[in-house]
Every structure is written in C-alpha cells, then in structure tokens.
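Hi,

Here is the model I promised to pass on. Have a look, and my notes follow below.

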Amino acid sequence: MKDCIFCKIIQGDIPCIKVYENDRVFAFMDINPVADGHTLIIPKAHAENIFEIPADDLAAIHVASKRIADGIRKALNTTGIACLQLNGKGVNQIVMHYHLHLIPRRPGSPELPMTKWELVSGNMTRIKEIGEKIASAVK
Ligand code: 5GP
Ligand code: ZN
C-alpha cells in the first residue's frame with residue numbers, strides 16, 4: 001500500500017535488517033528496540049490489524065514466530081520472549097500494517113515494561129457479565 005512504511009520495507013524502498021522471509025511473511029529488526037533482539041514479523045500483503053488480516057497470513061505469521069523465536073533464543077541465550085501485537089490507535093498501534101513484536105529478555109537485563117503488570121483481583125460479577133457478552137458476540 002502506498003505510504004505504508006512496512007510495505008516500503010518489504011519492497012526494499014526503505015532499508016531494514018532482515019532476519020527471515022518466506023512467501024507470506026517478512027521479519028526484521030525494530031529500529032527502536034525495547035530490548036536487544038526486538039524483532040518484527042509482518043505479512044507481505046498489507047493488512048492493517050487483526051480485524052483485517054486474512055486467516056492464512058495470520059497463521060503464517062504465528063508459525064514463523066516459532067522459527068524466529070527459536071533463532072532469537074539460540075542467538076541471544078534469552079530468559080524469555082514476549083510476543084506483543086497491537087490493534088488500533090486506542091492501544092498505541094503506530095504503524096498501521098499488522099506486525100507481531102518478538103521482544104526477548106536476556107539474563108541480567110531489566111524487566112520488560114509490558115510484562116510487569118500488577119495482579120489485582122477483579123469483581124467476579126463484572127468479569128462474568130463481560131465474559132458472557134463476549135461469548136455471545138463471538139461467531
Ligand atoms: P506499534 O506501536 O505500531 O506496535 O509499533 C511499531 C514499531 O515499528 C515500533 O516498535 C517502531 O520502532 C517500529 N518502526 C517504525 N518505523 C520503523 C522503520 O522504519 N523500520 C523499522 N525497522 N522499524 C520501525
Ligand atoms: Zn503496508
């Protein structure tokens with residue numbers, strides 16, 4: 001898609017540090033890494049988010065994420081890898097081309113901000129009400 005920076009990266013119009021590609025997906029290093037090894041996996045066909053991406057591309061990304069996570073773990077001796085994926089401006093999606101973040105943590109490095117939330121008990125009545133609402137909306 002015109003004016004999409006990730007489409008331009010796939011086409012080679014914007015340089016990147018590629019780590020993997022196949023017929024459906026492309027993976028490269030994030031230039032603002034949250035931690036060493038921060039990698040992005042994207043579909044070659046432009047789709048904005050989880051609501052738009054075709055199931056085959058979504059599956060291909062998640063299958064490739066295992067291969068790439070195995071590579072990151074082997075290369076960097078990680079203690080864990082967070083998989084993060086944002087959909088919509090409301091959750092701070094910045095680049096509107098679907099992407100899965102793989103963010104590793106290495107021994108001795110600081111905790112990742114997105115894996116550190118405090119567990120606070122919820123109101124079970126509210127949880128049940130919302131869960132039932134979602135369940136009846138899932139097709
Ligand atoms: P989002 O908040 O949309 O999930 O994250 C977008 C990500 O894309 C950010 O982590 C940002 O650093 C990364 N990014 C934005 N522009 C470029 C670019 O031109 N090249 C690379 N390699 N990463 C980018
Ligand atoms: Zn795009």
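Which protein atoms are the donors of the zinc ion (ligand 2)? They are Cys4 (SG), Cys7 (SG), His46 (ND1) and His97 (ND1), at 2.0 to 2.3 Å from the ion. Donors here are N, O and S atoms within 2.8 Å of the metal (3.2 Å for Na, K and Ca), and with water not among the atoms, sites may look incomplete.

Some housekeeping: this is a predicted model, where local features need pLDDT of at least 70 and side-chain atom pairs pLDDT 80 or more, while totals for chains, interfaces and linings use all residues. Residues are numbered from 1 along each chain as written, chains are lettered from A and ligands numbered from 1 in written order, and side-chain values use heavy atoms, without hydrogens or water.

Back to the zinc ion (ligand 2): the angles among its four donor atoms run from 102 to 116°, and the site is tetrahedral (four donors, all angles between 85 and 135 degrees). Along the chain the donors are spaced C-x2-C-x38-H-x50-H. Cys4, in the segment before α1, and His97, in the loop between β4 (80-84) and β5 (100-105), are 93 residues apart. Both Cys4 and His97 are buried (under 20% relative accessible area, 1.4 Å probe, protein chains only).

Then the rings: Phe6, Phe26 and Phe28 form one aromatic cluster. Rings pair if their centres lie within 6.5 Å; planes under 30 degrees apart are stacked, over 60 edge-to-face, the rest tilted. Phe6 and Phe28 are edge-to-face, 5.3 Å centre to centre with 80° between the planes. Phe26 and Phe28 sit at 5.9 Å and 50°, so that pair is tilted.

Cheers

Terms used. Rings of Phe, Tyr and Trp (its six-membered ring) pair if their centres lie within 6.5 Å; planes under 30 degrees apart count as stacked, over 60 as edge-to-face and the rest as tilted. Four donors count as tetrahedral if all angles lie between 85 and 135 degrees; four count as square planar and six as octahedral if opposite donors are over 155 degrees apart and all others between 65 and 115; anything else is irregular. Helices (H or I, at least four residues) and strands (E, at least two) are DSSP runs, numbered from the N terminus. Buried means under 20% relative accessible area, exposed over 50%, partly exposed in between (1.4 Å probe, protein chains only).
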